[in-house]
Amino acid sequence: MAGPYLTIDLGKIEHNAKTIVDLCRAHGIEVTGITKGVCGHPEVAIAMLRGGVSSIGDSRMRNIRRLRQAGVAARLMLIRVPPLSAVDEVVGSVEISLNSELAILSGLSAAAERTGKAHDVIVMTDLGDLREGVWPDALLPFMADAVKLPGIRIIGLGTNLSCFGGVVPSEENMSRLVACARQVEEDLGLDFEWISGCNSSALELIAVGRMPKRVNHARIGEAILLGRETVRRRPWAGTYQDAFLLHAEVLELKRKPSVPVGERGEDAFGATPRFADRGDIDRALLNIGREDVDIGGLTPLDRRLTILGASSGYLILDATQAKGSIHVGDEIAFSPNYAALVAAMTSEYVEKRTMPEAARSETGA
Ligand SMILES: *Cc1c(COP(=O)(O)O)cnc(C)c1O
């Protein structure tokens, strides 16, 4: 191993997808699997599709291109509102996009007309999380203009919560989404195919049967990838939390003080860290750092190890409690949270190893 690597267990991802899809299906909800947390990794998308998601969504065109080039044949959804500068590519490469600006819808409409390729749109409304979306009181005039645009079909109304403002989906705000949709449908004589209410933060609401019936579409990433709902990040029953594990190697292992020696200024990242004096401790240096991952989002699988901090290229562990069982050259495994997963997937220094691939080489097939 020349550098850190991330193992990706495709079987566990497929299993997680199936658990979530089964739950949603039992409540009349179709699931789009979201791959932005893994940079549109095609094998992860395929595992999600095997688990039963009906389409794949990603936030970046580069990830969409990656999925298409790998031959992922599913319906693709662009879940970050498209840039005006890329409307042609959007219409050319995804079937559905989420939108909140008329200027961009006009652009998509013109692109669809130029190419003769149909494009479906879910209009996003902002129910208070304060990220993307038309504010509810502006929705009617917005929709009235949007439905006039040729070439694009407004197939639904959606909202996104728990992302910027941390607003939790509730029976109340989901009912508001349904009421907004109904109002638009009545006033403009429409019949929305999709009410796209939620992401991984809504699993609890769905499971207890409090999601309004009309909400029939969910965009799910983290719950499939990491097996957690995202309101309190509790493990979701029937899913694996360890489909992704990050592995790094011990480069140095020495007993040294717990407090730096000498006059102190800023560290490598401009911070002035504080240290508790616990005398001498066993310190392990690993070949992973802040250039590869979000250190705060890592949990060592071996609970005797504690992360002390990191620079760009080193992670420093307190290995005192594991004395004698850890050596230079050993691999240490960590469980990543969503932020750490995104960073590790994005870092070109972190090798990605999908699990069935390892199994294939073992059997020599
Ligand atoms: C990221 C994202 C999702 C998926 O969220 P998870 O918490 O990973 O399930 C859904 N919808 C939109 C618009 C997103 O940006």
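**Exercise 1. Core contacts**

Which residues does Met-211 touch, not counting residues up to four places away in sequence?

*Solution.* The model is predicted. Step 1: list the contacts of Met-211. They are Ile-29, Met-174, Cys-198, Ala-202, Leu-205 and Ile-206. Step 2: place Met-211 in its core. The largest nonpolar core has 95 residues. Met-211 is among the members that touch the most other members, along with Ile-13, Val-123, Leu-157, Phe-244, Leu-246 and Leu-286. Step 3: find the top contributor. Helix 1 (residues 10-26) gives the most to this core, with seven residues. Step 4: look beyond this core. A second, separate core has nine residues, including Ile-34, Ile-79, Ile-122 and Trp-194.

**Exercise 2. The ligand shell**

Describe the residues around the ligand and the polar contacts they make.

*Solution.* Step 1: count the shell. It holds 13 residues, of which Lys-36, Ser-200, Arg-219, Gly-221 and Glu-222 come nearest. Step 2: sort the shell by type. Four residues are nonpolar, four polar and five charged. Step 3: take the ligand nitrogen contacts. A ligand nitrogen is 2.8 Å from a side-chain N or O atom of Arg-219. For Asn-160, a side-chain N or O atom is 3.3 Å from a ligand nitrogen. Step 4: turn to oxygen. A ligand oxygen is 2.8 Å from a polar backbone atom of Glu-222. Step 5: check the cover. The ligand taken alone exposes 380 Å², and the protein buries 95% of that.

**Exercise 3. Ser-200**

Is Ser-200 buried or exposed? Find its partners too.

*Solution.* Step 1: locate the residue. Ser-200 sits in the loop between strand 8 (194-198) and helix 8 (203-207). Step 2: apply the cut-off. Buried means under 20% relative accessible area. Ser-200 has 3% relative accessibility, so it counts as buried. Step 3: trace the side chain. It reaches the backbone nitrogen of Ala-223 at 3.0 Å, and that of Glu-222 at 3.5 Å. Step 4: add the other contacts. Not counting residues up to four places away in sequence, Ser-200 also touches Arg-219, Ile-220, Gly-221, Arg-228, Glu-229 and Thr-230.

**Exercise 4. Positive phi**

Set out the backbone and burial of Cys-39 and Ser-162.

*Solution.* Step 1: recall the norm. Most residues other than glycine have a negative phi. Step 2: read the angles. Cys-39 has a positive phi of about 55°; Ser-162 has one of about 60°. Step 3: place both. Cys-39 lies in the loop between strand 2 (30-34) and helix 2 (42-50). Ser-162 lies in the loop between strand 7 (152-158) and helix 7 (171-188). Step 4: classify. Cys-39 is at 16% relative accessibility, so it counts as buried. Ser-162 is at 22%, so it counts as partly exposed.

Conventions:
Residues numbered from 1 in each chain as written. Predicted model: local features only at pLDDT ≥ 70, side-chain atom pairs only at ≥ 80, totals over all residues. Heavy atoms only, no water. Core = buried A, V, L, I, M, F, W, Y, C linked by side-chain atoms within 4.5 Å. Buried < 20%, exposed > 50% of the residue type's maximum accessible area, 1.4 Å probe, protein only. Helix = DSSP H or I, 4+ residues; strand = E, 2+ residues; numbered from the N terminus. Contact = heavy atoms within 4.5 Å. Near = heavy atom within 4 Å. Polar contact = N/O pair within 3.5 Å; in protein donor to acceptor, adjacent residues only side chain to side chain. Areas by Shrake-Rupley, 256 points an atom, 1.4 Å probe, with all protein chains shown as cover. Nonpolar A, V, L, I, M, F, W, Y, C, P; charged D, E, K, R; others polar.
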